[in-house]
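Here are my notes from going through this one, point by point. Have the structure open while you read.

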Amino acid sequence: MISLALLLIGFSLFSAISMALTHFRCDHGQSPPLARLMGLLLLSALGALQLAHFGWLYLDQPWVDTLPYRMALYVVAPSFFLFSQPLLHPQSQTAVTPALLWHALPLLLAAWLPGNVALPLAFMVGAAYLLWLGRRLLVLRAVRANFQQEILLLGAVFVIAVTVSLLGLVQSALPARLFFCLYASAIGAAFFLVQTTLLLRPALSAEVAEAVQGSYASSTLGNVDCAAALSRLAQLMQQQKRYQDAALSLARLAGELDLSTHQLSELMNARLGKSFSRYLREQRIAAARQMLLDEASASVLSVGLSVGFTSQSTFYEAFREIEGMTPGQYRKLNTGKK
C-alpha cells in the first residue's frame with residue numbers, strides 16, 4: 001500500500017508541474033485569468049500536500065503535523081471553487097473582488113485551530129464546496145451529449161473527492177499511516193483521471209465555459225435564419241479559409257456572420273453539437289490533414305502555422321485530440337494512399 005502511495009505521489013508532483021506549464025500558461029488562453037490563477041494555487045497546494053505525505057510515509061518526517069500542511073489543506077477547496085466558478089457560472093465575477101476574500105477565511109482558521117480539530121474540519125469545509133460543485137455540474141445536463149467521456153472521468157474524480165471527505169471525517173478512527181496512504185493515493189488517482197481527461201480534450205475548460213454560457217441564457221436564435229447562417233459559416237471556412245487566421249475569435253467570426261457572440265455560440269452548440277473552439281480546431285485539423293499529404297516537403301510546424309495554430313505544441317495537442325495520433329504519424333501512415 002505504501003509503495004502504491006509513493007508511486008502516485010511521484011505521479012502527482014510530475015502532473016502538477018506538467019499542468020502548470022501547459023494548461024495554465026499565461027499564453028494558453030483557455031481559462032479566465034482568475035480561473036488560471038486559482039488553478040495554479042490549487043496545483044501548488046496539492047503538490048505541497050503530496051510532498052508532506054512523502055515525508056511522512058518514506059522519510060518518517062512529521063510534516064503532516066505542521067502548520068504549512070494544515071494551511072495547504074485549507075487552500076484546496078476554496079481554490080478549486082474559485083477555479084471552477086468562472087467556468088461553471090459565467091455570470092459570476094471573473095476578477096478578484098472583496099467578496100471573494102471570504103474564501104480565505106478557512107485558511108485563517110487553520111492557523112489557530114489545534115491539529116486534531118483542523119484536519120477533520122478541513123474535510124468538512126471540502127464537503128461543503130463539493131455540494132456546490134455537484135449542484136453546478138447539473139448545468140451540464142443540457143449539453144452532456146457533447147461531454148460524455150469527459151463527464152464520466154470527471155465524475156470519477158468527484159467520487160474520489162467525496163470519498164476522501166468521508167475518510168477525513170473518520171480520520172481519527174484510522175491508523176495514521178493508513179489514512180495518509182489512502183489520502184495520497186486518492187490525490188494521485190484524481191491527477192491520473194484529470195490528465196486522461198485533458199489528453200482526450202485539451203481545451204475542455206474553454207468548451208465547458210462556452211457550453212454553460214449558452215445553457216444560462218434563453219434562446220437567442222428566434223429571429224435568426226439558422227440554415228443561412230450555417231451555410232455562410234461553411235463558406236467562410238471552406239472558400240475563404242478563415243480558420244487560417246490565428247487571431248480568429250468567436251466575436252470576430254460572429255461579426256462576419258452578422259450575429260452576436262451568444263447567437264453564434266448557441267447556433268454551434270445547438271445545430272452542430274460543438275463549441276466554437278472545437279469547431280475551429282476541427283476545421284484547422286481537416287486542412288492540416290490535407291496539407292500533410294499534399295505537401296510532403298513541408299515541415300509539420302509550417303503546416304500547423306499555415307492552418308492557424310500559433311505553436312507546434314498547440315498543433316500537436318489538437319491533432320492528437322482529434323486524430324488520435326501525431327501529425328508525423330498521420331503523414332507516415334497515409335502517404336501513398338491517395
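1. Before the pairs, the yardstick: a salt bridge here is a side-chain nitrogen of Lys or Arg within 4 Å of a carboxyl oxygen of Asp or Glu. Arginine 252 and aspartate 245 make one such bridge, with 2.8 Å between the closest N and O atoms. Arginine 252 is partly exposed, at 40% relative accessibility. Bear in mind that this is a predicted model.

2. How many salt bridges does the rule give? The count comes to nine. One of them joins glutamate 256 to arginine 242, where the closest N and O atoms are 2.6 Å apart. Glutamate 256 sits in helix H10 (residues 250-256), while arginine 242 is in the loop between helix H9 (226-238) and H10, so this bridge ties together parts that are 14 residues apart in sequence.

3. Are the two partners in that bridge buried or exposed? They differ in class: glutamate 256 counts as partly exposed at 28% relative accessibility, whereas arginine 242 is buried at 15%. The line for buried is drawn at under 20% relative accessible area.

4. Next, have a look at glutamate 321 and arginine 281, whose side chains meet in a salt bridge at 3.1 Å, N to O. This pair links distant parts of the chain, 40 residues apart: glutamate 321 belongs to helix H14 (residues 312-323) and arginine 281 to helix H12 (residues 276-294). Both glutamate 321 and arginine 281 are buried. Nor does the pair stand alone, since Lys274, Arg278, Arg281, Glu282 and Glu321 are linked in a network of salt bridges.

5. On to helix H15 (residues 327-334). Which of its residues are buried? They are Pro327, Tyr330, Arg331 and Asn334. Viewed down the axis of H15, these buried residues fall within an arc of 95 degrees, so they line one face of the helix. Lys332 and Leu333 are exposed, on the face of H15 turned away from the buried side.

6. What covers the buried residues of H15? The cover includes H12, helix H13 (300-306) and H14. For H12, the contacts can be spelled out: Arg289, Met291, Leu292 and Leu293 meet Pro327, Tyr330, Arg331 and Asn334 in H15.

7. The geometry of that packing is worth a look too. H12 and H15 pack at an angle of about 55 degrees, and their axes are 9 Å apart. The two helices are therefore oblique to each other. Their crossing is right-handed.

8. Another helix pair to check is helix H2 (residues 33-57) against helix H7 (residues 176-200), which pack at an angle of about 145 degrees with axes 10 Å apart. The crossing of H2 and H7 is left-handed. On the H2 side the contact involves Leu43, Leu46, Leu49, Gln50, His53, Trp56 and Leu57. Residues in H7 that meet them include Ala176, Phe180, Tyr183, Ile187 and Phe191.

9. Last, serine 15, in helix H1 (residues 2-22). Serine 15 is buried, with a relative accessible area of 0%. What does serine 15 contact, leaving aside its neighbours within four places in sequence? The answer is Phe191 and Gln195. Phe191 has already come up, among the H7 residues that meet H2.

Conventions:
Residues are numbered from 1 along each chain as its sequence is written. This is a predicted model: local features need pLDDT of at least 70, side-chain atom pairs count only at pLDDT 80 or more; totals for chains, interfaces and linings use all residues. Side-chain values use heavy atoms; hydrogens and water are left out. Helices (H or I, at least four residues) and strands (E, at least two) are DSSP runs, numbered from the N terminus. Buried means under 20% relative accessible area, exposed over 50%, partly exposed in between (1.4 Å probe, protein chains only). The arc is that of the directions from the helix axis to the C-beta atoms. Contact means heavy atoms within 4.5 Å. Axes are lines fitted to C-alpha atoms, for helices over the stretch in contact, and angles run from 0 to 180 degrees between N-to-C directions. Angles under 35 degrees count as roughly parallel, over 145 as roughly antiparallel, 65 to 115 as roughly perpendicular and the rest as oblique. A crossing is left-handed if the near helix is turned anticlockwise from the far one by less than a right angle, and right-handed if clockwise.
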